[in-house]
Amino acid sequence: MIIAVILILVIIIVLLMLYNMSIHKKIENFNNLNQKITNLNILQDFMDTISKSASVDEKINQINNIIIERYQIKYSTIVVYDGTKYIVKTSNVDKKHWEALSNLQSEEIFKESIQTSIPKYVTVEGENERLPYQKMEFARAKCAMFFPLYIDNVYIGYWLLEGSRPHEFDSVDTTILEVIRNNIVAILQTVENQKIIESIVRNDKFSALKTAEYLYADGRKIIDKYTTSAVCMFKITNLEEINEDISRKTGDMTITKVCEVVRNNLSSEYIFVRYMGPKFAIVFSGIEESAVVGFMEQIKKQVEELEIEPVDVEFEDDEDVVAKPKINIIISTYYKGTALEGVLKKLEEYLDSTNENKINQL
């Protein structure tokens, strides 16, 4: 009888153990699934940030804030080599520490990590100790994880996580952090093209306008506040003729005078740039295409009434020579979220394919 009871108890214990193992496995699977969902959500947040109409620096700051908030990390710093020196691209650490944080590649403790691409974890043992790279501070960080960043096997900087307690990152799942590191690299690579565009925007000498790149940088922030905008491109069709028959300086003056007419009639909330050569682009943010036609008719009339005296060239006394600009205009619609450069390219192709002197809608 006792043996039977013991056997029953053993069976019950075994069943309970199997049940507990099953529950533990389900919880583990649930946690893994939940972590995957969290990572996907964070990745989606990253992608949403990249697609926003914001500067490169603003996007990187937002991405760092997402990391800090969603993973409950005390301090996060991203440092990138800009071609001349290492700079802190984003950090929630007080700026007085940024100089030290931007020189960690020189610290002996991190050199092996940079060479091998393996993250480095450092921590103190007691509250009165400090991390090897800390020069003037004690209380802020008590442990750190250093992740070197690479693009196509080229070292470009590092991501530094810091905690406020000793051994705070002992149980952190580094595979998740590796995923974040890869996302950071992908994001830095993605926004690099935007950074290049932002850096090459120039002010044109003769038109006093910004160059076309402005449309894809700061101008995009204004344009994408609206669902649709009218996009207009016009070309001074006889500019080459003025350059050849009168003088190049007269052609430059023609550009100046034409742009003055347009700018004086244009609201400051609309974007006017020199697109290329004799072509100019205007984006009427939030305005319907049909509403722009009448305005451009007035502009065309004023421009073609201009008479520009020759510059740095003399003619016979009986020759009444003046430059009279003619413009061809094409208008289309840009929809937020689509390719603005595609719309402009179509407008440019149309103007280059015809020598008309009128207003058209594409």
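**Exercise 1. In which sense do strands β8 and β9 pair, and over how many bridges?**

*Solution.* Start by finding the two strands: β8 covers residues 271-276 and β9 covers residues 279-285. They pair in the antiparallel sense, over 5 bridges. For one concrete pair, look at M276, whose bridge partner in β9 is K279. Please keep in mind as you work that this is a predicted model.

**Exercise 2. Place β8 and β9 in their sheet, and find the edge strands.**

*Solution.* Step one is the strand order. The sheet is open and has 6 strands, arranged as β6-β8-β9-β7-β10-β11. Step two is the pairing, which is mixed. Step three is the edges: β6 (210-211) and β11 (359-361) each pair on one side only.

Now see where the mixture shows up. Strands β7 and β10 run antiparallel and are joined by 9 bridges; within this pairing, A230 has T333 of β10 as its bridge partner. Strands β10 and β11, by contrast, pair in the parallel sense, over 3 bridges. Here I330 stands opposite N360 in β11. As background, the strands of a sheet pair through backbone hydrogen bonds, either parallel or antiparallel.

**Exercise 3. How many of the residues of β10 are buried?**

*Solution.* Trace β10 along residues 327-335. Of its 9 residues, 8 are buried, so the strand is mostly covered. Next, look for a helix over this part of the sheet. Helix α9 (residues 289-303) lies across β7 (228-236), β9, β10 and β11. Its direction makes about 160 degrees with that of β10.

**Exercise 4. Describe how helices α8 and α9 pack.**

*Solution.* Two packed helices are described by the angle between their axes and the distance between the axes. Take these in turn.

1. Angle: α8 (residues 248-265) and α9 pack at about 145 degrees.
2. Distance: the axes lie 10 Å apart.
3. Handedness: the crossing is right-handed.
4. Residues: from α8 come V258, V261, V262 and N265, which meet F295, I299, Q302 and V303 of α9.
5. Class: this contact has 6 nonpolar and 2 polar residues, and no charged ones.

**Exercise 5. What is the strand order of the sheet with 5 strands, and which helices pack on this sheet?**

*Solution.* This open sheet has the order β2-β1-β5-β4-β3, with antiparallel pairing. Its edge strands are β2 (86-91) and β3 (120-123), each pairing on one side only. On average, neighbouring strands are turned by 20 degrees against each other, direction ignored.

Zoom in on one pair: β1 (residues 75-81) and β2 run antiparallel, joined by 5 bridges. In this pair, V79 stands opposite V88 of β2.

Then add the helices. Helix α2 (residues 56-70) lies across β1, β2 and β5 (154-163), at about 55 degrees to β2. Helix α4 (residues 108-116) packs on the sheet as well, touching β3, β4 (143-151) and β5, and makes about 35 degrees with the direction of β4.

**Exercise 6. Is M145 buried or exposed?**

*Solution.* First locate the residue: M145 is in strand β4. Then compare its relative accessible area with the cut-off. The value is 4%, and buried means under 20%, so M145 is buried.

What surrounds it? Leaving aside neighbours within four places in sequence, M145 is in contact with K120, Y121, W159, L160, L161, F169, T174 and L177. One of these, L160, is 15 residues away along the chain, yet the C-alpha atoms of M145 and L160 are separated by 5.8 Å.

**Exercise 7. Where is K142 found, and which residues does K142 touch?**

*Solution.* K142 is found in the loop between β3 and β4. You may like to check its accessibility before its contacts: at 2% relative accessibility, this lysine counts as buried. Not counting residues up to four places away in sequence, K142 touches T123, V124, E127, E129, L131, G163, S164, R165 and P166.

**Exercise 8. Finish with the whole chain: how many helices and strands does the chain have, and what percentage of its residues count as buried?**

*Solution.* The count is 10 helices and 11 strands. Of the 362 residues, 43% count as buried. The accessible surface comes to about 20,300 Å², with 52% belonging to carbon and sulfur atoms. Lastly, consider contacts between residues at least 6 apart in sequence: 64% of them join residues at least 24 apart.

How values were computed:
Residues numbered from 1 in each chain as written. Predicted model: local features only at pLDDT ≥ 70, side-chain atom pairs only at ≥ 80, totals over all residues. Heavy atoms only, no water. Helix = DSSP H or I, 4+ residues; strand = E, 2+ residues; numbered from the N terminus. Buried < 20%, exposed > 50% of the residue type's maximum accessible area, 1.4 Å probe, protein only. Contact = heavy atoms within 4.5 Å. Areas by Shrake-Rupley, 256 points an atom, 1.4 Å probe, with all protein chains shown as cover. Pairing = 2+ DSSP bridges. Axes fitted to C-alpha atoms, helices over the stretch in contact; angles between N-to-C directions. Left-handed = near helix turned anticlockwise from the far one by under 90°. Nonpolar A, V, L, I, M, F, W, Y, C, P; charged D, E, K, R; others polar.
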